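Please find below a note on the model, set out as numbered points. Each point takes up one residue, element or pairing, and terms are defined where they are introduced.

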Amino acid sequence: MEIVFLIEQILNGLLIGAYYLLIALGLSLIFSLGGIVNLAHGAFYAIGAYLTVALAPHIGFGGAFVVAPVLVALLGLVIERFLLRRFYRADPILSLLLTFGLAMVAEQSLRMIFGAPPLPFSIPVELRGQVFIGEFIYSRYRLMILAVAAICVLGLWFLLQRTHFGRVVRAGVQNPDMVGALGISLKPYMSAVVMIAVGLAALAGVMLAPVIGVHPAMGAEILTFAFVVVVIGGLGSFWGVVVAALIVGVVRGIAAYAFPPATEASVYLLMLLVLLLRPRGLFGERIAKFE
């Protein structure tokens, strides 16, 4: 039974890592191409969760699962077009202040519209139930979240590595001036990247709404851990973020099993250890100043 319980905690850790991953991938993409550290990214996660609560009674959870990320992606497009685009070449501190302000506006707007108390939202009836494998029992809905996260990662990898869109994005990350010299404007690609990034964050909010509850500060809570994942994996590294999210999730799961009070502290200790050994992160580019 101890082994079964440990496996369950590790799977719960992977579940946490899965939604960290969906948010951290978007953070990494926006930073890589636009050079903007998006402190408002957690707000899109929260908006996705609230839209799910608002839409599910009318179009069902399946409809909200599709519509909420699309609506948030369109909101991200508007914000990128009229706000973020002005700061791609500006001092990074300006974009930090802008996105911090956006995060505060989003959180307070959710508080005014939906109220400060958490909103109840349960797992859809059709997705309830348990999966039994011998003595091992696990939630069917949580397994669905893991599967969806894996599909998103593979789909994003294919988009970035096997399509013309991905080739331009990767070239823009490596040498934007050369891409411009070839007559290719990165503005529409940046808009698409922001839409994909905030859509993934909203999708995480949709899936996690029945698991962890919905409240106005949920975006700020998740953002810190998403940044930890990006730092551990290495800024700008796709697979670094993927590996880091899984490691963080497993470490949290094992810590929850071995010493519950240290569950969250274990993540920060892991980041400290990684940065001491590799200041650039697991898969980040070498930083000569520090190494």
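1. Leu21 is in contact with Val153, Val241, Val242 and Ala245, leaving aside its neighbours within four places in sequence; contact here means heavy atoms within 4.5 Å. The residue lies in helix H1 (residues 2-34), where helices are DSSP runs of H or I of at least four residues, numbered from the N terminus. Leu21 is buried, with a relative accessible area of 4%. The terms are as follows: buried is under 20% relative accessible area, exposed is over 50%, and partly exposed is in between, with a 1.4 Å probe and protein chains only. Leu21 and Val243 are 222 residues apart along the chain, yet their C-alpha atoms are separated by 9.0 Å.

2. On provenance, this is a predicted model in which local features need pLDDT of at least 70 and side-chain atom pairs count only at pLDDT 80 or more, while totals for chains, interfaces and linings use all residues. Residues are numbered from 1 along each chain as its sequence is written, and side-chain values use heavy atoms, with hydrogens and water left out.

3. Phe227, in helix H8, offers another long-range pairing in sequence. Its C-alpha is 9.0 Å from that of Ser28, although the two are 199 residues apart in sequence. Phe227 is partly exposed, with a relative accessible area of 22%. Beyond its neighbours within four places in sequence, Phe227 is in contact with Leu27, Val37, Asn38 and Leu39.

4. Helix H3 covers residues 92-114, 23 residues in total, and spans 33 Å from its first C-alpha to its last. This is close to the 33 Å expected at 1.5 Å a residue, the expected span being 1.5 Å times one less than the number of residues. Its buried residues are Ser95, Leu98, Thr99, Ala103, Ala106, Glu107 and Leu110. They pack against helix H2 (41-82) and helix H8 (218-233). Just after H3, Gly115 adopts a positive phi of about 95°.

5. Which residue forms a salt bridge with Arg111? The partner is Glu107, with the closest N and O atoms 2.6 Å apart; a salt bridge is a side-chain nitrogen of Lys or Arg within 4 Å of a carboxyl oxygen of Asp or Glu. Because Arg111 and Glu107 are four residues apart in helix H3, about one helical turn separates them. An α-helix has 3.6 residues a turn, so residues three or four places apart point the same way. Arg111 is partly exposed at a relative accessible area of 28%, whereas Glu107 is buried at 14%. Glu107 is also in contact with Pro216, Ala217 and Ala220, leaving aside neighbours within four places in sequence.

6. The count of salt bridges comes to two. Besides the pairing in the previous point, Glu80 forms a salt bridge with Arg85, the closest N and O atoms being 3.3 Å apart. Glu80 is buried, with a relative accessible area of 0%. Side chains of opposite charge can pair when their charged atoms come close.

7. Ser191 lies in helix H7 and is buried, with a relative accessible area of 8%. Its side chain makes a polar contact with the side chain of Arg85 at 2.8 Å. A polar contact is a pair of N or O atoms within 3.5 Å; within protein, one must be able to donate a hydrogen and the other to accept it, and residues adjacent in sequence count only if both atoms are side-chain atoms. Not counting residues up to four places away in sequence, Ser191 touches Leu77, Glu80 and Arg85.

8. Pro210 is also found in helix H7 (residues 187-212). At 12% relative accessibility, Pro210 counts as buried. Its contacts, leaving aside neighbours within four places in sequence, are Phe61, Phe121, Ser122, Ile123 and Tyr141. The C-alpha atoms of Pro210 and Leu182 are separated by 48 Å, with the two positions 28 residues apart along the chain counted as their separation.

9. Turning to the surface, Ile59, Val66, Val67, Val70, Leu71 and Leu74 form a nonpolar patch with about 460 Å² of accessible area together. Patches are made of residues with over 30% relative accessible area and no salt bridge, nonpolar side chains (Val, Leu, Ile, Met, Phe, Trp, Tyr) being joined within 5 Å and like charges within 9 Å. Accessible areas come from the Shrake-Rupley method with a 1.4 Å probe, and for residues only the protein chains shown count as cover. Val66, in helix H2, is exposed, with a relative accessible area of 51%.

Terms used:
Helix = DSSP H or I, 4+ residues; strand = E, 2+ residues; numbered from the N terminus.
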